[in-house]
Amino acid sequence: MTQTNDSFVEFERVQKSYDGEILVVKDLNLQMPKGEFLTMLGPSGSGKTTCLMMLAGFETATHGDIRLDGKSINDIPPHKRGIGMVFQNYALFPHMTIGENLAFPLEVRKMGKSEREEKVKRALDMVEMGDFGNRRPAQLSGGQQQRVALARALVFEPELVLMDEPLGALDKQLREKMQFEITDLAHNLGITTVYVTHDQTEALTMSDRVAVFDDGRIQQLAPPDQLYEEPKNSFVAQFIGENNTLSGVVTQIENDKCLVRLDSGEEIDAKPVNVSKVGERTTVSIRPERVETNKERLSEDAHTLKAEVLEFIYMGDIFRTRLRVADSDEFIVKTRNAPDQPRLRPGEHIEIGWLPEDCRALDA
């Protein structure tokens, strides 16, 4: 089968079932160009890790074809695919030094000693671990071990690196530091990277594109900003970032606008994204930072609703306010800490507003 669209990694109609009945991956079609950093994001059981393991060769596709640089790799064993792997548990050999851990994949490839030493040194320097070659994994911190695991995946200069929750065991501060280091390294070396995580912040921070998985399917594949600003369905809107939802029925629809009667009786304008006809149930989605609580800041085009303040939390750079809006007690607003931004009090009744284009009518 031939390569299409200059894609380097390609899944074509790939399915996976462990018992012959239930599909954990359903008809997956995905193309990645060379050099892209793509994250597979989703909850546990969504199929993202299974896709990664099929690409690595540790799982076999039940149906469909997986191609690397135009060639089908379905029948090629893992060790012959030339793919680097980084796991959450590091998977370092405890009885070997760091240098020996890195040299191992080179020995398997029958590389000469002097070339092995040169590549090990280069890989360790790449992750700022050049002075640690003679230590054993147990003598290193978690962050250092993860750097070594990354160096081992890169040491034989693969064109594709797969990472399965590689930062899951690290503390928050170190995890954030490693996110930037991994992304910079991948882009500087021009490595194609497939990264699996359930952490949405990690996915948005690191990726060129994100594939959001649920129920064995890609729900949306897009760059991080598009994924956040323009979710295609309710699952993506809820899974990516914080989101306010109100339920109702479409009463009018015309081009890029629709009118929704909320279950509480109010009518609001929205952008029709996943609705197609009058009478259809919908969930409207509004991001917390798109809502304005300062009446003087509201534009003429803003749609307004009455609200009651239930909770006001000072968080330093932002204020987080929980409101009762249209029968929902979980309506969240995030406003930046500014001199003209009012500090609201629980029990206070206010008017809030947002632009109609920031309100999206999605599937119910």
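This passage describes the nonpolar core, a covered helix, two pockets and a run of paired strands in a predicted model.

The largest nonpolar core of the model comprises 34 residues. Within this core, Leu102, Leu150 and Ile182 have the most contacts. At least two core residues are supplied by each of helix H2 (98-108), helix H3 (113-126), helix H4 (142-154), strand E7 (160-164) and helix H5 (172-189). The largest share is that of H4, which provides six residues. In soluble globular proteins, nonpolar side chains tend to be buried together. The surroundings of Leu150 were examined individually. When neighbours within four places in sequence are left aside, Leu150 is in contact with Val86, Val127, Met163, Ile182 and Leu185. One of these partners, Ile182, is itself among the residues with the most contacts inside the core.

Helix H1, which spans residues 48-56, is mostly covered, with eight of its nine residues buried. The buried residues are Lys48, Thr50, Cys51, Leu52, Met53, Met54, Leu55 and Ala56. Thr50, a residue of helix H1, has a relative accessible area of 13% and is therefore classed as buried, the cut-off for that class being under 20%. Beyond residues up to four places away in sequence, Thr50 touches Lys16, Tyr18, Val24 and Val25. Just after the helix, Gly57 adopts a positive phi of about 100 degrees.

Two pockets were examined. The largest pocket encloses about 500 Å³ of space. Its lining consists of 18 residues, and those nearest the centre of the pocket are Ile83, Met85, Pro105, Arg109 and Phe156. Strand E6 (83-87), H2 and H4 each give two or more residues to this lining. The largest share, four residues, is contributed by E6. Sorted by class, the lining of the largest pocket contains 13 nonpolar, three polar and two charged residues.

The second largest pocket holds about 220 Å³ of space. It is lined by 13 residues, with Leu154, Glu157, Pro158, Leu189 and Ile191 closest to its centre. H3 gives the most to the lining of this second pocket, namely four residues. By class, the lining of the second largest pocket has seven nonpolar residues, one polar residue and five charged residues.

Attention then turned to strand E16 and the strands paired with it. In a regular strand the side chains alternate between the two faces of the sheet. Such an alternation is found along E16, which covers residues 318-325. Phe319, Thr321, Leu323 and Val325 point to one face and are buried, whereas Ile318, Arg320, Arg322 and Arg324 point to the other face and are not buried.

E16 pairs in the antiparallel sense with strand E15 (residues 303-314) over six bridges. In this pairing, Val309 stands opposite Leu323 of E16. The hairpin formed by E15 and E16 has three residues between the strands, and Gly316 takes a positive phi near 85 degrees. E16 also runs antiparallel to strand E17 (residues 328-336), to which seven bridges join it. Here Phe319 stands opposite Thr335 in E17. E16 and E17 likewise form a hairpin, with two residues between them, and Ala326 in the turn has a positive phi of about 50 degrees. Both Leu323 and Phe319, described above as facing residues of the paired strands, belong to the buried face of E16.

Note on methods. Residues are numbered from 1 along each chain as its sequence is written. This is a predicted model: local features need pLDDT of at least 70, side-chain atom pairs count only at pLDDT 80 or more; totals for chains, interfaces and linings use all residues. Side-chain values use heavy atoms; hydrogens and water are left out. A nonpolar core is a set of buried Ala, Val, Leu, Ile, Met, Phe, Trp, Tyr and Cys residues joined through side-chain atoms within 4.5 Å. Buried means under 20% relative accessible area, exposed over 50%, partly exposed in between (1.4 Å probe, protein chains only). Contact means heavy atoms within 4.5 Å. On a 1 Å grid over the protein atoms alone, a cavity is a set of points where a 1.4 Å probe fits but cannot get out, and a pocket is an open set with protein on both sides within 12 Å along at least five of seven lines; lining residues have an atom within 4 Å of a point. Grid points are joined across faces, edges and corners, and a volume is the space filled by probe spheres set on the points. Ala, Val, Leu, Ile, Met, Phe, Trp, Tyr, Cys and Pro count as nonpolar, Asp, Glu, Lys and Arg as charged, and the others, Gly among them, as polar. Two strands pair if DSSP finds at least two bridges between them.
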